[in-house]
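Let's take a walk through this model, starting with how its helices pack and then moving on to its charged pairs. Keep the structure open beside you as you read.

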Amino acid sequence: MAVATTIMHEEQPRVVLSARGLSKGFGAFMAVKNVDLDIEHARVHALIGPNGAGKTTVFNLLTKFLQPTAGSIALLGTDITKLAPDKVARMGLVRSFQISAVFPHLSVLDNVRVALQRPNGLSTQFWLPVSSLDRLNERGDQLIETVGLKRERNMLAADLSYGRKRVLEIATTLALDPKVLLLDEPMAGMGQEDIGAVSNIIREVAKTRAVLMVEHNLSVVADICHQVTVLQRGEILAEGDYATIAQDERVRLAYMGTEEA
Ligand SMILES: Nc1ncnc2c1ncn2[C@@H]1O[C@H](COP(=O)(O)OP(=O)(O)OP(=O)(O)O)[C@@H](O)[C@H]1O
Ligand SMILES: [Mg+2]
């Protein structure tokens, strides 16, 4: 007798990270007002807007570095509004680190290995001797290959160019195998060549996870982002793909007289 079969493979929910009514006041000043966001699996989502629009504040709210004044945040359907950053990092919501999190006196490979044995995204302490990390070589080399740091594998992090250091930083973030990767201006201070390399890495890693990036460089946004949210004075001004928001008269006005114009 034929039995109806249900395919039981695990389906990745479309919306990985969502925010509803997110608001943040600093004293009487509301830096973020009633923001709704849906960050989807296998998509690159950009958060853009003029200086002071509230992008970094939204980024810090989503990664739990700031507590919202009002609103809620859900990660894979779980309410994370009240959770601490290290807890949400263990649940798969990982932000890029600052360069200071890269150990300058370690090689590229050792930096990646240290990241691979880190229990979560926030522990900067490492208590295993580097020699005991040998078993992580294989995964380390895979990651190094993914981000294109093969030639620099045995170089000290301190000897890398600024752009290559940022790439290493992304590799250490990927070591945590995030479900959502949040990047605050990943291209800041980079030359054109590194921007191209990091764009390719982000495109590649977003095939299997959600990426949210705050980005000032609009040609990068046009190039790699599927969805764009425009903030202005703490509120969402427009949302859509780049072509849609680029044609929006309100977005053009918001950018007039700013460095992006
Ligand atoms: N800790 C704070 N205390 C008081 N005001 C703050 C604080 N953090 C941010 N703000 C204010 O909130 C507003 C939004 O700041 P935010 O840094 O989020 O903007 P942004 O969009 O990231 O800007 P930029 O493009 O310059 O990075 C600004 O007016 C800023 O001065
Ligand atoms: Mg900012």
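A quick word on terms before we start: a helix axis here is a line fitted to the C-alpha atoms over the stretch in contact, and the angle between two axes runs from 0 to 180 degrees between N-to-C directions. Keep in mind, too, that this is a predicted model.

With that in hand, look at helix 3 (residues 108-116) and helix 5, whose axes lie 8 Å apart and make an angle of about 30°. Angles under 35 degrees count as roughly parallel, so helix 3 and helix 5 earn that description. Their crossing is right-handed. On the helix 3 side, the contact is made by V108, N111, V112 and A115, and these meet L168, A171 and T172 of helix 5. Sort the residues of this contact by class and you get five nonpolar, two polar and no charged ones. As for the spacing of such residues, an α-helix has 3.6 residues a turn, so residues three or four places apart point the same way.

How much of helix 3 is buried? Nine of its nine residues are. That list takes in charged side chains as well as nonpolar ones: D110 and R113 are buried, and so are V108, L109 and V114, among others. Helix 5 is part of what covers the buried residues of helix 3, and helix 4 (137-146) is included in that cover as well.

Now follow helix 5 (residues 162-174) over to its other partner in this tour, helix 6 (residues 192-205). The two axes come within 10 Å and cross at roughly 10°, so helix 5 and helix 6 are also roughly parallel to each other. This crossing is right-handed. Helix 5 brings G163, R164, V167, I170 and L174 to the contact, while helix 6 supplies D194, A197, V198, I201 and V205. Seven of the contact residues are nonpolar, one is polar and two are charged.

That takes us to the charged pairs. Side chains of opposite charge can pair when their charged atoms come close. Across the whole structure, a search turns up 14 salt bridges.

One of them joins R20 to D38, with the closest N and O atoms 2.9 Å apart. It ties together distant parts of the chain, since R20 sits in strand 1 (residues 15-26) and D38 in strand 2 (residues 29-40), 18 residues apart. R20 counts as partly exposed because its relative accessibility is 39%, and D38 is partly exposed too, at 29%.

Another pairs R209 with D177, at 2.7 Å from N to O. Here the partners are 32 residues apart: R209 is in the loop between helix 6 and strand 8 (210-214), and D177 is in the loop between helix 5 and strand 7 (180-184). What about R209 itself, buried or exposed? With a relative accessible area of 8%, R209 is buried.

D248 and R250 also form a salt bridge, and their closest N and O atoms are 2.8 Å apart. D248 is buried, with a relative accessible area of 17%, whereas R250 is partly exposed at 46%. To finish, find R14, E40 and R43, which are linked in a network of salt bridges.

Methods. Residues are numbered from 1 along each chain as its sequence is written. Chains are lettered from A and ligands numbered from 1 in the order in which they are written. This is a predicted model: local features need pLDDT of at least 70, side-chain atom pairs count only at pLDDT 80 or more; totals for chains, interfaces and linings use all residues. Side-chain values use heavy atoms; hydrogens and water are left out. Helices (H or I, at least four residues) and strands (E, at least two) are DSSP runs, numbered from the N terminus. Angles under 35 degrees count as roughly parallel, over 145 as roughly antiparallel, 65 to 115 as roughly perpendicular and the rest as oblique. A crossing is left-handed if the near helix is turned anticlockwise from the far one by less than a right angle, and right-handed if clockwise. Contact means heavy atoms within 4.5 Å. Ala, Val, Leu, Ile, Met, Phe, Trp, Tyr, Cys and Pro count as nonpolar, Asp, Glu, Lys and Arg as charged, and the others, Gly among them, as polar. A salt bridge is a side-chain nitrogen of Lys or Arg within 4 Å of a carboxyl oxygen of Asp or Glu. Buried means under 20% relative accessible area, exposed over 50%, partly exposed in between (1.4 Å probe, protein chains only).
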